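Below is a colleague's note on the model you sent round. Please read it with the sequence and the structure open.

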Amino acid sequence: MEFVGETLLTTTSLLFTILPLLILARVILSWLPQYRYSQFGEIIFSLTEPILGPIRSRLPQAGMMDFSPMVAIFVMIALQWIFDAVIRAVFGLDF
């Protein structure tokens, strides 16, 4: 059972490490329009839009600024802490 818990911890940790990096890549690509429309840019935007789109639609407009990446990263940090604590508690792993 401990193996399952450790595997879940590793998987969620990896997920919550990769997603913010993808969001950061999207932010950087948004400043570089020549790369935004490249194949790499399209992949990054398609992977992050399902996360950022719903957040963006709920945030008030702030002119030209889009705060959805920052909010998404903060939410992911909080979710990682919660998932980590729950998995450790359920599987009896050390904190």
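The points below cover salt bridges, the largest pocket, a nonpolar patch and some individual residues.

1. Status of the model. This is a predicted model. Every distance, area and volume below should be read with that in mind.

2. Salt bridges overall. How many salt bridges does the structure hold? The count is five. Points 3 to 5 take up some of them individually.

3. Arg26 and Glu49. The side chains of Arg26 and Glu49 form a salt bridge, with N and O 2.8 Å apart. This pair ties together distant parts of the chain: Arg26 belongs to helix α1, residues 2-31, while Glu49 belongs to helix α3, residues 39-58. The two residues are 23 apart in sequence. Are the two partners buried, partly exposed or exposed? Arg26 has a relative accessible area of 11% and is therefore buried, the cut-off for that class being under 20%. Glu49, at 31%, is partly exposed.

4. Glu49 and Arg56. Glu49 also makes a salt bridge with Arg56, where the closest N and O atoms are 3.0 Å apart. Arg56 has a relative accessibility of 30%, so this residue counts as partly exposed. Which residues make up the network of salt bridges? Arg26, Glu49, Arg56 and Asp66 are linked in it. When checking this region on screen, it helps to display these four side chains together.

5. Arg36 and Glu42. A salt bridge joins Arg36 to Glu42, and its closest N and O atoms lie 3.1 Å apart. Glu42 is partly exposed, its relative accessible area being 37%.

6. The largest pocket. Its volume is about 300 Å³. The elements that supply two or more residues to its lining are α1, α3 and α4, the last of these spanning residues 68-91. Which element gives the most? That is α1, with four residues.

7. Lining of the largest pocket. The lining residues are Arg26, Val27, Ser30, Trp31, Phe45, Arg56, Met65, Asp66, Phe67, Pro69 and Met70. By class, seven of them are nonpolar, one is polar and three are charged. Arg26, Arg56 and Asp66 are among the lining residues, and these residues also belong to the salt-bridge network of point 4.

8. Nonpolar surface patch. Leu21, Leu24, Ile28, Trp31, Leu32 and Tyr35 make a nonpolar surface patch of about 630 Å². Helix α1 contributes the largest share of the patch, four residues. Leu24, one of the patch residues, is found in α1. With 46% relative accessibility, Leu24 is classed as partly exposed. Trp31 is a member of the patch and also appears in the lining of the largest pocket.

9. Ile51 and Ser68. Ile51 sits in helix α3. Its relative accessible area is 25%, so Ile51 is partly exposed. Ile51 and Ser68 are separated by 17 residues in sequence, and their C-alpha atoms are 8.9 Å apart in space.

10. Two residues of helix α4. Ala85 lies in α4 and is partly exposed, at 32% relative accessible area. How far apart in space are Ala85 and Leu9? Their C-alpha atoms are 9.6 Å apart, although 76 residues separate them in sequence. Asp84 is also in α4, and a relative accessible area of 28% makes this residue partly exposed. Between the C-alpha atoms of Asp84 and Pro50 there are 23 Å, with the two positions 34 residues apart along the chain.

Conventions
Residues numbered from 1 in each chain as written. Predicted model: local features only at pLDDT ≥ 70, side-chain atom pairs only at ≥ 80, totals over all residues. Heavy atoms only, no water. Buried < 20%, exposed > 50% of the residue type's maximum accessible area, 1.4 Å probe, protein only. 1 Å grid on protein atoms, 1.4 Å probe; cavity = no way out; pocket = protein on both sides within 12 Å on 5 of 7 lines; lining within 4 Å. Points joined across faces, edges and corners; volume = space filled by probe spheres on them. Nonpolar A, V, L, I, M, F, W, Y, C, P; charged D, E, K, R; others polar. Patch = residues over 30% accessible without salt bridge, like charges linked within 9 Å, V, L, I, M, F, W, Y side chains within 5 Å. Areas by Shrake-Rupley, 256 points an atom, 1.4 Å probe, with all protein chains shown as cover.
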